[in-house]
Amino acid sequence: MAKQPTGKPGEWFYCLKHKKVEEGPECPARNRLGPYPTADAASHALERAAQRNDEWDNDPRWQ
């Protein structure tokens, strides 16, 4: 039997596999980003990840 994803109602995630926001979560951890405090924050997960990657790539402490 497959393990059920862990999470709580009121926690929001962005599913990379299905490209949608979900509460709970519905999908396994390997397929999602989060948790986020709101559905709106989860809907911007990919933008936030890209922003963080850019910040790391351009951090003068690591160049």
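**Exercise 1.** How many salt bridges does the count come to in this predicted model?

Solution.
Step 1. Recall the principle: side chains of opposite charge can pair when their charged atoms come close.
Step 2. Apply the cut-off, which is a side-chain nitrogen of Lys or Arg within 4 Å of a carboxyl oxygen of Asp or Glu.
Step 3. Lys20 and Glu26 form a salt bridge, with 3.0 Å from N to O.
Step 4. Arg61 and Asp59 form a salt bridge, with 2.7 Å from N to O.
Result: the count comes to 2 salt bridges.

**Exercise 2.** Classify the four residues of these pairs as buried, partly exposed or exposed.

Solution.
Step 1. The cut-offs for relative accessible area are under 20% for buried and over 50% for exposed, with partly exposed in between.
Step 2. Glu26 has 47% relative accessibility, so Glu26 is partly exposed.
Step 3. Its partner Lys20 has 33%, so Lys20 is also partly exposed.
Step 4. Arg61 has 68%, so Arg61 is exposed.
Step 5. Asp59 has 12%, so Asp59 is buried.
Result: the bridge between Arg61 and Asp59 joins an exposed residue to a buried one.

**Exercise 3.** Where is Asn31 placed, is Asn31 buried or exposed, and which residues does Asn31 touch, not counting those up to four places away in sequence?

Solution.
Step 1. Asn31 lies in the loop between strand 2 (20-23) and strand 3 (32-36).
Step 2. The relative accessibility of Asn31 is 16%, so this loop residue is buried.
Step 3. With residues up to four places away in sequence left out, Asn31 touches Tyr14, Cys15, Leu16 and Lys17.

Methods. Residues are numbered from 1 along each chain as its sequence is written. This is a predicted model: local features need pLDDT of at least 70, side-chain atom pairs count only at pLDDT 80 or more; totals for chains, interfaces and linings use all residues. Side-chain values use heavy atoms; hydrogens and water are left out. Buried means under 20% relative accessible area, exposed over 50%, partly exposed in between (1.4 Å probe, protein chains only). Helices (H or I, at least four residues) and strands (E, at least two) are DSSP runs, numbered from the N terminus. Contact means heavy atoms within 4.5 Å.
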